[in-house]
2 protein chains.
Amino acid sequence: MTRDEGLGRRDRKKRQTRAALAAAALRLVAERGLDQVTVEEIAEAADVSARTFFNYFATKDDALVGDTAGDRDRVLRALAAVPAQVPALAAIRSALAGVIDEVEGDAALWLLRMQVVMQHPMLLARLVSGNATTEQAMVEALAARTGHDPDDGYPALVVAVTGAALRTAMVRWATGGGSRSLADLLDEAFAAVAAGLPDPRTPDRPGATAPGVHRTR
Amino acid sequence: MTRDEGLGRRDRKKRQTRAALAAAALRLVAERGLDQVTVEEIAEAADVSARTFFNYFATKDDALVGDTAGDRDRVLRALAAVPAQVPALAAIRSALAGVIDEVEGDAALWLLRMQVVMQHPMLLARLVSGNATTEQAMVEALAARTGHDPDDGYPALVVAVTGAALRTAMVRWATGGGSRSLADLLDEAFAAVAAGLPDPRTPDRPGATAPGVHRTR
DNA sequence: AACAAAAATGCAGTGCCTGCAAACTTGCGC
DNA sequence: GCGCAAGTTTGCAGGCACTGCATTTTTGTT
């Protein structure tokens, strides 16, 4: 899964247990549905006690959506590394590159995850929108980049909108079974947003709309 | 609250009980925090049994976010009423007018609601994003309007992005204590989206950016 | 007043999640 | 190898959200 080179046996085993729990949770919920699977069953499938499950995940849902916190930090660091003169949308798009790569690298896991998550809107919201802390951090990072007052409204709007774009791209990616590259789908969504979401059916200037937005495949 | 003219005493009392439960829930949670308030306490404050609470709301959260289903239907009907040649963004903006009016009409209730909801991202996501059914319905309605294949991606992107815009507008509205009109804030957000979220600090063409997006108040 | 539909309630039960304390495992210096 | 300290797993008791079912109470109608 994720890199686990420079770690002692102890931490390696922890990662292993965590992954086993997440995998068991995804498999069982995909088979039976969220409320037809108990934490006890998940723990059993991963060969640990039910109590131990809660040493790894605060809630049953957390085992399904995966480790969002780690990704967040990476995105924030990537965003800080983008030169300040890059426009906001492009900067965020490039900051997301690392996460996108990881998702496409673990395609099987993520397709299963999306399949599960898409059947439970509560989970879907948590997958991208994550927690308020993260979103707040993104807003502040963006405000710092563009020299805005964080209360301004603009940074918050950009973060919310790009989050929505990411969400729809991932849903589309999963719906198509991963046949189209997630990076492409995300580029398309960002291009459409940058163009102001023109109606592809009645473009003001036929050549000026975002390329590919209305292509089905 | 909402109109209750042509109803017998029975339904009037039901509405009353429902409103009392929601109000009690909001007040108590605002005072103490979500997990410091039990359903039993909410029910007690509304002078009904705990079991009765669940006859009105499926979950504790539902008492806090209010009746989303009713609003949805209204938005969908309003969207269907907008002439098909109106561009997607403008159509959605005008379909939201009814809900906006209702929110501003009950400003005190909604400001309290937002105050509570903003402290629990789980609730915030549910407030606008609602359930998948609604979002799906919006996507289909939009696809029908624009003559798109619903799997196209464009309608889903527009619905997700406008939802994000609505969410940020409501947060801003509540953060400002309702000092700026919600309709204004929403117009601003939609204008920024329609303009492709230009960075207000370095606009391509100074006069062409969305008006007011970077004004603090 | 009598009746039927609707609503409120109590009760038992499941499952998520937490704190605590007791076992157990692991890494490390000797 | 031995023992110690730190980290991990586990069981247990308990609180709370939520559900299904049966019973009682209220309400609108005849």
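A residue counts as buried when its relative accessible area is under 20%. That cut-off applies in the legends below, which describe a predicted model.

**Figure 1. B:Leu197 in the nonpolar core.** B:Leu197 has a relative accessibility of 3% and therefore counts as buried. This residue is found in the segment that follows helix H12 (182–194) of chain B. When neighbours within four places in sequence are left aside, the contacts of B:Leu197 include the chain A residues A:Leu89, A:Tyr154, A:Leu157, A:Val158, A:Val161 and A:Val193. B:Ala192 is also in contact with B:Leu197. The phi angle of B:Leu197 is near 50°, a positive value in a residue other than glycine. Most residues other than glycine have a negative phi.

**Figure 2. A:Leu197 and the largest nonpolar core.** The largest nonpolar core has 124 residues, and A:Leu197 and B:Leu197 touch the most other members. A:Leu197 lies in the segment after helix H12 (182–194) of chain A. Its relative accessible area is 4%, so A:Leu197 is buried. Phi of A:Leu197 is near 50°, which is positive although the residue is not glycine.

**Figure 3. A:Thr168 in helix H11 of chain A.** A:Thr168 is placed in helix H11, which spans residues 154–175 of chain A. Because its relative accessibility is 13%, A:Thr168 counts as buried. Apart from neighbours within four places in sequence, A:Thr168 is in contact with three residues of chain B, namely B:Ala156, B:Leu157 and B:Ala160.

**Figure 4. The fold of chain A.** Chain A contains 12 helices and zero strands. Along the sequence, the pattern is α-α-α-α-α-α-α-α-α-α-α-α. Of its 217 residues, 44% count as buried. Among contacts in chain A between residues at least 6 apart in sequence, 60% join residues at least 24 apart.

**Figure 5. The annotated DNA-binding region of chain A.** An unreviewed UniProt entry lists residues 38–57 of chain A as "DNA-binding region". Over residues 38–57, the chain is 70% helix and 0% strand. The C-alpha atoms at the two ends of this stretch are 14 Å apart.

**Figure 6. The protein surface near DNA strand C.** DNA strand C is surrounded by 18 residues, and the closest are A:Arg51, A:Lys60, B:Ser49, B:Thr52 and B:Tyr56. Of the atoms of DNA strand C that come within 4 Å of the protein, 60% belong to sugar and phosphate. The residues of this surface divide into six nonpolar, five polar and seven charged.

**Figure 7. Phosphate contacts of DNA strand C.** A backbone N or O atom of B:Ser49 lies 2.8 Å from a phosphate oxygen of DNA strand C. For B:Lys14, a polar side-chain atom is 3.2 Å from a phosphate oxygen of DNA strand C. A:Val39 places a backbone N or O atom 3.3 Å from a phosphate oxygen of DNA strand C. The elements that give two or more residues to the surface near DNA strand C are helix H1 (9–32) and helix H3 (50–56) of chain A, together with helix H1 (9–32) and helix H3 (50–56) of chain B. H3(B) gives the most to this surface, with four residues.

**Figure 8. The protein surface near DNA strand D.** Around DNA strand D there are 19 residues, the closest of which are A:Ser49, A:Thr52, A:Tyr56, B:Arg51 and B:Lys60. Sugar or phosphate accounts for 64% of the atoms of DNA strand D within 4 Å of the protein, and the rest belong to bases. By class, the surface near DNA strand D has six nonpolar, five polar and eight charged residues. H1 and H3 of chain A and H1 and H3 of chain B each supply at least two residues of this surface. H3(A) gives the most, with four residues.

**Figure 9. Base and phosphate contacts of DNA strand D.** An N or O atom in the side chain of B:Arg51 is 2.5 Å from a base oxygen of DNA strand D. Two contacts with phosphate oxygens of DNA strand D use the backbone: a backbone N or O atom of B:Arg10 lies at 3.1 Å, and a polar backbone atom of B:Val39 lies at 3.3 Å.

Methods. Residues numbered from 1 in each chain as written. Chains lettered and ligands numbered in written order. Predicted model: local features only at pLDDT ≥ 70, side-chain atom pairs only at ≥ 80, totals over all residues. Heavy atoms only, no water. UniProt positions renumbered as here; feature names shortened; annotations may be inferred. Near = heavy atom within 4 Å. Polar contact = N/O pair within 3.5 Å; in protein donor to acceptor, adjacent residues only side chain to side chain. Nonpolar A, V, L, I, M, F, W, Y, C, P; charged D, E, K, R; others polar. Core = buried A, V, L, I, M, F, W, Y, C linked by side-chain atoms within 4.5 Å. Buried < 20%, exposed > 50% of the residue type's maximum accessible area, 1.4 Å probe, protein only. Contact = heavy atoms within 4.5 Å.
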